[in-house]
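Me: I should be grateful for a close look at one part of this structure, namely a pair of packed helices. Please then relate what you can about individual loop positions elsewhere in the chain.

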Amino acid sequence: MAATPEKPASATARRKTGRHRGEGQWAVGHFTPLNGNEQFKKDDDGLNVRTRIETIYSKAGFDSIDPNDLRGRMRWWGLYTQRKPGIDGGKTAILEPEELDDEFFMLRVRIDGGRLTTGQLRVIGEISQEFARGTADITDRQNVQYHWIRIEDVPEIWNRLEAVGLSTTEACGDTPRVILGSPVAGIAEDEIIDGTPALEEIHRRIIGNKDFSNLPRKFKSAISGSPLLDVAHEINDIAFVGVNHPEHGPGFDLWVGGGLSTNPKIGVRLGAWVPLDEVADVYEGVISIFRDYGYRRLRNRARLKFLLADWGAEKFRKVLEDEYLGRPLVDGPAPEQPVQQWRDHVGVHRQKDGRFYVGFAPRVGRVDGATLTKIAEVAEAHGSGRLRTTAEQKMLVLDVDEAQVESLVAGLEALDLQVRPSPFRRGTMACTGIEFCKLAIVETKARGASLIDELERRIPDFDEPITININGCPNACARIQVADIGLKGQLVLDGAGNQVEGYQVHLGGALGLEAGFGRKVRGLKVTATELPDYIERVLTRFQEQREDGERFASWAARASEEALS
């Protein structure tokens, strides 16, 4: 049910919302734009900018781009300006956007469900080498990100991606972003239900549809029928989690209102069981609530989690059922606790058809175009035509015959793509960082890669699951609050009183059914130089003090501040 601009809200309707007029909720008649972002979206739909990119900007160059397109609408097609080289982190919050902008772009390739063919991966790699100076990072949203993209090359890149069934449509912006999906959907032996048909139907109905291209802010989604809970459902705006209903059989448990950034919130169960063929209807209902009732006045309160926090789960479900679905939802059970902590599918695993999938770990998601092309070649040489990216910056090769497995593993590891990685290689994740991101304060990717090497050298016997997430700013793209060790980039003072790159430390965060945010020890900040020493010290204390079978997160919750310092 879309809002009706011509019909203003009554005073009674406004009172029912519990929010004053300034929140900008369309469903109660508040259509006057309340900030610059809402104004440029009202002036022109973000999806329309593609025509200007193709016919004007790609021909006239960077200087021809309208500012509201450059820092606004172009995101609807996966484009952000990247950070100008040489600007240190201390100036991130001081300089104007045009001072931070380089004349090159980050371009995000949308990969719903992480699903790729070897042919598609080869094209992604070729585009990287030809147009992106070799860059191509695997993100924790199952996408691939390029850097150094020139506006002149964007139409040709789109042509090549779309020729193999890929796109950048709504990869960024106030839109329904990529839909996370289990990377082993349809093949895992232990799968509860395959969510692929629902994911495809949502994509068909919603993505690129102007009924849903002007949301209050971004809308993050996830669908998985894996008992490993492998799509970080707890921190998405909407998530469908595979469960078995005692009467109705396999279906999905519905979660809404998760998200991190500077106001982290774990998603809330609505207590509803959704059958596979109704997932797209429920998704459409929830995203419509966000569009119509979401807060548009302040950008920092414009995520669905704030509306859910104000309404509560009971009211949210009632509005969904009464106003958008026109029917009640079936009550259902919660997901069961995962049987293992790792949810990334790294390693060699049997598929339900008797073949195998092989998951491997790049360093903090950092790969390059040449490597992606070689991965496609290695996969094809071992009989596979399908790959998957994961929500942990990893990748899988599917459909490998048993006789080909060890040869495939050797081929991947020759590319420094570890199938049997150390816990540090497997569990360390990093955002883009100051190398390219205009919001970042510190370096992340290279630091994460060097940290892996240091920890493997210093504590080679450490064999417990551990997640170390490194973020270049407070916005938590690398999920710092839900990592065993979360590192939030900021400038800190070293022992000599100099301002240097460093991190505020979060300890003991977790996802899963015991999801929670990490503990912050008062005053605990670590310089970048001290980081390997600090993590070695904390992990050594964990090994010394842990009880039998105790996870790092549990130990960190009970450990003394001295032990964590």
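Reply: In this predicted model, helix 6 (residues 118-131) packs with helix 7 (residues 154-163) at an angle of about 165°, and their axes lie 10 Å apart. Because an angle over 145 degrees counts as roughly antiparallel, helix 6 is roughly antiparallel to helix 7. The crossing of helix 6 and helix 7 is right-handed. Helix 6 contributes V123, I124, I127, E130 and F131 to the contact, while helix 7 supplies E156, I157, R160 and L161. Sorted by class, the residues in this contact comprise 6 nonpolar and 3 charged ones, with no polar residue.

Two loop positions may be described in turn. K218 is found in the loop that runs between helix 8 (196-206) and strand 7 (219-224). The relative accessibility of K218 is 19%, and K218 therefore counts as buried, the cut-off being under 20%. Leaving aside residues up to four places away in sequence, K218 touches G173, D174, T175, R177, D237, F290 and R303. From K218 to G259 the separation is 41 residues in sequence and 11 Å in space, C-alpha to C-alpha.

The second position, T432, belongs to the loop between strand 17 (428-430) and helix 15 (445-458). With a relative accessible area of 16%, T432 is likewise buried. Again leaving aside residues up to four places away in sequence, the contacts of T432 are Q145, H147, C437, T444 and K445.

Notes. Residues numbered from 1 in each chain as written. Predicted model: local features only at pLDDT ≥ 70, side-chain atom pairs only at ≥ 80, totals over all residues. Heavy atoms only, no water. Helix = DSSP H or I, 4+ residues; strand = E, 2+ residues; numbered from the N terminus. Buried < 20%, exposed > 50% of the residue type's maximum accessible area, 1.4 Å probe, protein only. Contact = heavy atoms within 4.5 Å. Axes fitted to C-alpha atoms, helices over the stretch in contact; angles between N-to-C directions. Parallel < 35°, antiparallel > 145°, perpendicular 65-115°, else oblique. Left-handed = near helix turned anticlockwise from the far one by under 90°. Nonpolar A, V, L, I, M, F, W, Y, C, P; charged D, E, K, R; others polar.
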